[in-house]
Amino acid sequence: SALSSAPEYDPDAEFVYDYQTLRIGGLTFVAVIMILSVLLLASNKIRRCGKPRVSVLISNNGIQRR
């Protein structure tokens, strides 16, 4: 069609990857995963910070908590 300026779809055309978009998407995904993992590890340490650790003593009478 001569009136439309859009190129026609050619199913036999060779597929070309958009490496720039793929690279940016991959780096963004990795950055989000890294940030979430650091936050998860930090929140676990923050949650345990104020709580005393429970030590377990084994005596002749059984298990005692200190």
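**A walk along a one-helix chain**

Let's begin just ahead of the helix: Tyr17 sits in the segment that comes before α1, which spans residues 19-49. Keep in mind that what you're looking at is a predicted model.

Tyr17 has some company. Together with Phe15, Tyr19 and Leu22, Tyr17 makes a nonpolar patch on the surface, covering about 540 Å².

Now step back and take in the overall layout. The protein has one helix and two strands, and along the sequence they come in the order α-β-β.

Follow the chain into residues 24-43, and you reach a stretch that UniProt, in an unreviewed entry, labels "transmembrane region". In the model, this stretch is 100% helix and 0% strand, with its end C-alpha atoms 28 Å apart.

What about the inside and the outside? Of the 66 residues in the protein, 0% count as buried. The exposed surface comes to about 7200 Å², and carbon and sulfur atoms supply 63% of that area.

Finally, a word on how far to trust the picture. The average pLDDT for the protein is 76, and 58% of the residues score at least 70. Among the elements, α1 has the highest mean, at 89, while strand β2 (residues 62-65) has the lowest, at 58. Where pLDDT is low, predicted coordinates shouldn't be read in detail.

Definitions and conventions
Residues are numbered from 1 along each chain as its sequence is written. This is a predicted model: local features need pLDDT of at least 70, side-chain atom pairs count only at pLDDT 80 or more; totals for chains, interfaces and linings use all residues. Side-chain values use heavy atoms; hydrogens and water are left out. Patches are made of residues with over 30% relative accessible area and no salt bridge: like charges are joined within 9 Å, nonpolar side chains (Val, Leu, Ile, Met, Phe, Trp, Tyr) within 5 Å. Accessible areas come from the Shrake-Rupley method with a 1.4 Å probe; for residues, only the protein chains shown count as cover. A salt bridge is a side-chain nitrogen of Lys or Arg within 4 Å of a carboxyl oxygen of Asp or Glu. Helices (H or I, at least four residues) and strands (E, at least two) are DSSP runs, numbered from the N terminus. UniProt positions are given in the numbering used here, feature names are shortened, and annotations may be inferred rather than shown by experiment. pLDDT is the predictor's confidence in each residue, from 0 to 100. Buried means under 20% relative accessible area, exposed over 50%, partly exposed in between (1.4 Å probe, protein chains only).
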